[in-house]
Structure formats: structure tokens, C-alpha cells
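Biologist: I have a sequence and a model to go with it. Please take me through the fold and a few of its residues.

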Amino acid sequence: MQVYIYARSGHGYGLERVKRSTAFYDALAQFDPIFCTQDFRAGTFAKDVFGVKKAVSVDLIENMPNIMQRGDFFVFDSDEPSDFMKSHMKDFCAGLIEVGVDASKIAVHKSFKFAPCANGKKLFFFGDDDYSEELLEKLEVVDSLAFDVLLGHYYFLGNEDKITAKFDNFYEDTDYVEAICNSEFLLTGSLQSAIESLACGNKPVFFARRDKSENDEIDFETLNALKIPVIRENSLPKIVAEFENIIKDYQNDSKIEPLDLSEFIEKIISRQKLLGLI
């Protein structure tokens with residue numbers, strides 16, 4: 001019997017689901033879960049940044065049964081499965097969690113401890129993906145920005161130098177946790193990063209990326225529920241100007257609750273006892 005966690009990832013999707021799924025990995029660590037991503041690089045990131053021990057790449061969620069056995073437990077964070085596939089997964093697995101349906105999608109890894117910063121540091125993070133090179137386009141109209149910048153995991157080779165030249169300092173993608181935890185203010189196009197910043201007691205502001213807006217991929221309901229300010233401007237100078245205005249009097253008393261998987265954990269333990277594994 002094995003516990004598997006699957007998160008959709010890649011150049012077109014970024015690491016939003018991977019980062020969120022590491023919270024589930026951490027909550028289920030006692031069962032030594034296998035962490036599955038669509039690409040090898042995402043699994044390596046999860047290992048290096050969040051301490052995942054076992055990671056494998058699986059190109060499509062429909063191929064998970066090729067490595068699983070009937071009666072395994074499965075947590076997945078993906079929009080790939082059809083209703084028919086989900087029905088089959090329920091029959092195949094002894095326990096199943098669809099993130100955002102069976103468990104909260106507001107989840108952060110234990111690395112993001114509540115320890116508010118008051119250092120005045122401003123961090124810019126567009127997101128891990130920029131397939132359409134929207135960030136480069138936005139930066140064309142500015143000479144420099146008084147921010148640190150956190151580089152995305154999937155930025156194209158050669159683009160990083162063009163990006164970092166516009167900012168005061170930069171963090172590599174592997175410095176992700178340090179950058180989020182140690183920056184009082186965050187301007188980001190990543191919902192998950194905004195949630196993680198808020199979990200630390202810091203002050204995130206979200207801006208709606210054009211590519212995500214056009215594909216209807218922005219979860220405004222969660223942003224509103226957590227009272228995270230949202231900027232809908234497209235021009236980077238206007239985004240920054242509105243950000244500076246917001247942080248003059250930033251107010252947000254939202255708290256990120258710990259992930260509760262107690263019922264799922266009890267189900268796994270009961271299965272282990274039934275099979276004589278404990």
C-alpha cells in the first residue's frame with residue numbers, strides 16, 4: 001500500500017499546484033508518499049526547496065494507474081481528469097483527495113511560518129512561468145524598479161539577465177522560501193505565492209496577469225476571501241504605482257489555517273492495520 005500525490009506542472013502551468021501539493025506531502029510525511037509531477041524539473045524543485053524525498057515524473061494523470069496498485073491512496077491537484085476518470089479513480093483507490101474539492105486549496109508548506117517582517121523589503125514575483133514572455137514586454141517601458149525580483153522556475157534561457165537588469169537584487173528560484181518569508185511586501189501574479197506570503201504575516205498584493213486573465217485562470221474568489229488586494233492594470237508602471245499606494249496603509253487580518261487531513265490519515269492507518277502493515 002502506497003500514498004501518491006500528483007500535481008500538474010510545466011511551462012504552461014507553472015508550479016502553483018506543485019507548491020500547494022507540498023503542504024499535502026508534509027501533512028502525510030509519516031506515510032513516505034511518492035510525489036508525482038508532469039515534468040522532472042518540477043520534482044527536482046520540490047526536492048530541493050521543500051524537502052520532498054521521493055519524486056517521479058508522470059506525463060499525464062491518466063498514466064498514474066501504471067505505477068499505482070489498486071487500494072493505494074491518492075491526492076491530486078489537477079484539472080485534467082474528466083468526471084468519468086474521477087469515478088474510476090474512486091473505485092481504484094482506497095482513499096482519494098481532489099485538492100480544492102475534498103480538501104482546502106488554501107494550503108501552504110510548513111516552511112512558511114508566521115513571523116511578520118517589518119524590514120520594508122519589496123519583492124516582485126511574476127510567477128514561475130512566462131511562456132508568452134509577458135514579463136519581458138512589461139519591462140520594456142521601465143528603466144529600473146526599486147524591488148528585489150524572484151526569478152521563475154520556467155523562464156526561458158537568456159531572459160533572466162534581461163529581467164534582473166531592471167531590479168535592485170534578485171533571488172534564484174531555489175531561494176524561493178527565503179525570498180517569500182523575508183520580504184515584507186510582495187507584488188505577484190502568483191496566487192499561491194500571495195497565500196504563502198500572507199501565511200508568514202507579510203503583505204502580498206496580487207496583480208492579474210494578462211495571460212492568466214485571458215484563459216480565465218485567476219481565482220478571484222479565493223483572493224477576495226483572503227482580502228488580498230488585487231490590481232487589474234496591464235501597464236507595469238501603473239501596477240507599481242497602485243501597489244505603492246496600497247502598501248501605504250496595508251490592512252489584512254486574514255489567517256491561513258493549518259491543513260487538516262485527520263480523516264484521511266485515519267483511513268490510511270486503518271488500511272495499514274487491515275493489511276497487517278502495522
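**Helix 7 and its surroundings**

Modeller: This is a predicted model. Helix 7 is followed by Gly201, whose phi is positive, near 90 degrees.

Biologist: How many of the nine residues of helix 7 are buried?

Modeller: Helix 7 covers residues 191–199. Its buried residues include Leu191, Ile195 and Leu198, and also the charged Glu196. The helix is largely enclosed by the rest of the structure, because the number of its residues that are buried is nine of the nine.

Biologist: Which elements do the buried residues of helix 7 pack against?

Modeller: Two strands on the list, strand 9 and strand 10, pair with each other in the parallel sense. Strand 6 is a further partner. The helices in contact with the buried residues of helix 7 are helix 1 (16–27), helix 6 (176–181) and helix 9 (220–225). The full answer is helix 1, strand 6, helix 6, strand 9, strand 10 and helix 9.

**The sheet**

Biologist: What is the order of the six strands in the open sheet?

Modeller: The pairing in this sheet is parallel. Strand 8 (167–171) and strand 11 (230–231) each pair on one side only, which makes them the edge strands. Read across the sheet, the order is 8-7-6-9-10-11.

Biologist: Which residue of strand 10 is the bridge partner of Leu187?

Modeller: Strand 9 (residues 185–188) and strand 10 pair over four bridges. In one of the pairs, Thr188 has Phe206 as its partner in strand 10. For Leu187 the partner is Val205.

Biologist: How many of the five residues of strand 10 are buried?

Modeller: Strand 10 spans residues 203–207 and is mostly covered. Buried here means under 20% relative accessible area. The number of its residues that meet this is four.

**Three residues in loops**

Biologist: Is Ile106 buried, partly exposed or exposed?

Modeller: Ile106 lies in the loop between strand 5 (95–98) and strand 6 (122–125). Leaving aside neighbours within four places in sequence, Ile106 is in contact with Ile195, Thr222, Leu226 and Ile256. Its relative accessibility is 23%, so Ile106 counts as partly exposed.

Biologist: What is phi of Asp32?

Modeller: Asp32 sits in the loop between helix 1 and strand 2 (34–37). With a relative accessible area of 30%, Asp32 is partly exposed. Most residues other than glycine have a negative phi. In Asp32 phi is positive, near 50 degrees.

Biologist: What is phi of Glu133?

Modeller: Glu133 is found in the loop between strand 6 and helix 4 (134–139). At 32% relative accessibility, Glu133 is partly exposed. Its phi is again a positive value in a residue other than glycine, near 55 degrees.

**The whole chain**

Biologist: What is the radius of gyration of the chain?

Modeller: The chain has eleven helices and eleven strands. For 278 residues the globule rule gives 19 Å, and the chain is close to that, so it is as compact as a globular protein of that length. The radius of gyration is 19 Å.

Biologist: What percentage of contacts between residues at least 6 apart in sequence join residues at least 24 apart?

Modeller: Buried residues make up 54% of the chain. Contact here means heavy atoms within 4.5 Å. Among contacts between residues at least 6 apart, the share joining residues at least 24 apart is 65%.

Biologist: How far apart do the centres of the positive and negative side chains lie?

Modeller: The chain has 31 positive and 48 negative side chains. The distance between the centres of the two sets is 3 Å.

Note on methods: Residues numbered from 1 in each chain as written. Predicted model: local features only at pLDDT ≥ 70, side-chain atom pairs only at ≥ 80, totals over all residues. Heavy atoms only, no water. Rg over C-alpha atoms; globule rule 2.2 N^0.38 Å. Buried < 20%, exposed > 50% of the residue type's maximum accessible area, 1.4 Å probe, protein only. Charge placed at Lys NZ, Arg CZ, Asp CG, Glu CD. Pairing = 2+ DSSP bridges.
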